[in-house]
Amino acid sequence: MSKLLPWREVPSAGWLEEKGNAEEYETGDWRTIKPIWLKEHCIQCLRCFVYCPDSAITAENGRVTGVDYKHCKGCGICAHECPSKPKALEMVAESADEL
Amino acid sequence: MQERIALTGNEAMALALKQINPDVVAAYPITPATEIVQLFSSYAANGMVKTEFVAVESEHSALSAVLGASAAGARALTATSSQGLAYMFEVLYIAASYRLPLVMPVVNRALSGPINIHGDHSDSMGVRDAGWIQIYAEDTQEAYDNLIQAVRIAEDPAVQLPVMVCIDGFIISHALENLEIMADEKVQEFVGPFTPRRPSLLDLDHPVTVGPLALFDYYMEIKRGQAEAMRKAKPVIKEVGQEYGRWSGRKYSFLEPYQLAEAEIAVVVLSSTAGTTRVVVDELRQQGIRAGLLKPRVYRPFPQQEIKAALGHLKAIAVLDRADSFDGFGGPLYKDIRAALYEVPDRPRIINYIFGLGGRDVGLDDIRSVYDDLAQVAAGEAPEFSIRYLGVREEAL
């Protein structure tokens with residue numbers, strides 16, 4: 001929703017008829033800590049992809065490709081679930097210059 | 001062809017509910033509203049209605065269940081009173097904001113504390129700004145008629161707002177009165193089939209998000225739309241009241257004046273106390289005193305212009321509130337009426353009484369004393385005042 005609608009054009013009670021629009025709501029700036037994906041440690045088990053509550057682990061052709069920082073809230077579930085040793089996902093402090 | 005029978009207010013509401021035959025009723029018992037859903041649950045159990053009856057564990061759940069059912073495309077109702085209404089508080093605002101056409105009988109009862117089961121208006125007055133339409137009934141006939149009309153008002157495409165149909169606890173809910181009732185099929189014909197906003201909430205090809213987050217980007221625009229719906233409810237309430245009149249012989253509008261056009265002094269009061277007041281008006285008229293009465297039927301939306309037109313010519317008005325605002329200024333009805341008369345150039349003098357709290361009886365003598373005070377205020381022999389407690393014990397002088 002890039003252009004803000006005047007009140008008469010807003011769907012009644014704000015009911016939304018479009019599907020999948022959660023993607024348009026960027027929640028990346030909620031983070032205080034962020035996951036770093038370490039490709040060299042990743043065993044491609046896709047656990048992080050399955051467990052991420054915000055679908056913020058990106059994958060292509062069945063392989064993890066990284067983290068979608070526009071939507072990742074920094075909850076740390078991916079790093080917690082990562083079974084590889086050493087872990088392929090590490091939580092680090094968010095710093096303003098990295099955003 | 002109408003049948004004339006004797007019913008209590010609760011029985012009349014339960015009968016209207018049965019004739020409306022909604023898709024879903026979810027409810028939790030609370031005195032003095034219990035009978036409405038108790039009777040209705042036996043109609044459901046005996047297959048006299050097609051309704052899915054949901055016995056829930058609280059009023060918060062009752063309203064949440066009918067809210068969900070309504071959003072999913074069902075005609076859904078519940079009923080409550082007092083603490084039950086208070087327990088629904090957060091869901092009331094959500095139902096109005098989601099623009100769901102729910103209908104709910106509210107049997108007015110005092111709020112705790114002290115704990116009390118009898119009639120006053122503190123429950124529904126406490127939620128007067130929740131965004132629900134509020135209609136108050138004087139007797140069992142009006143309770144029945146208002147409930148049937150409420151379905152049409154709520155579901156009008158221009159409105160789509162929930163409606164409370166209020167009656168006085170015990171005084172009306174438990175008192176037997178004669179009333180005229182319609183045949184089931186006539187009620188069905190009047191309310192018509194339910195047209196849900198969407199054919200089905202569970203349509204995977206046309207999904208919808210109900211109640212999305214709206215922060216500083218959209219919250220105000222959605223609330224502005226909600227306010228507009230309440231404004232649009234006014235002509236609909238009037239139209240439905242007229243149509244109901246053609247259909248039943250009993251026409252309804254926002255206000256019911258009695259001996260008001262030629263009056264100099266008048267009482268403004270909601271619900272059953274209007275009946276007591278009408279008797280006193282008749283007495284005073286026989287004595288040559290130009291007394292009148294205004295009974296507002298619709299409180300939300302507030303019929304400001306109609307009130308101004310009905311009361312503007314009077315010398316003095318007493319507004320009787322069956323709920324206190326505890327603000328040192330006056331009861332809720334008093335403040336709204338007073339504000340409505342602000343634009344009248346030579347405005348009437350206005351006084352305010354808080355009465356009947358916790359079901360404290362208000363008799364003819366109480367109302368006579370109000371008109372006595374009014375006569376003095378109108379003559380300029382006594383000052384205007386706000387908040388006088390009618391019928392409260394004072395120390396002997």
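Reader: In what pattern do the helices and strands of chain A follow one another along the sequence?

Author: In this predicted model, local features need pLDDT of at least 70, side-chain atom pairs count only at pLDDT 80 or more, and totals for chains, interfaces and linings use all residues. Residues are numbered from 1 along each chain as its sequence is written, while chains are lettered from A and ligands numbered from 1 in the order in which they are written. Helices (DSSP runs of H or I, at least four residues) and strands (runs of E, at least two) are numbered from the N terminus, and chain A has 2 helices and 4 strands, in the order β-α-β-β-α-β.

Reader: Why is chain A described as more spread out than a compact globule?

Author: The globule rule, 2.2 Å times the number of residues to the power 0.38, is set against a radius of gyration taken over C-alpha atoms. For 99 residues the rule gives 13 Å, and chain A is more spread out than a compact globule because its radius of gyration is well over that, at 17 Å.

Reader: Is T78(B) buried or exposed?

Author: T78(B) sits in the loop between β4 (76–77) and α4 (82–87) of chain B. A residue is buried if 20 or more other C-beta atoms, placed from the backbone, lie within 10 Å of its own, exposed if 12 or fewer, and partly exposed in between. Because T78(B) has 30 C-beta neighbours inside 10 Å, it counts as buried.

Reader: How far apart in space are T78(B) and V344(B), C-alpha to C-alpha?

Author: In sequence, 266 residues separate T78(B) from V344(B). From C-alpha to C-alpha, the distance between T78(B) and V344(B) in space is 41 Å.
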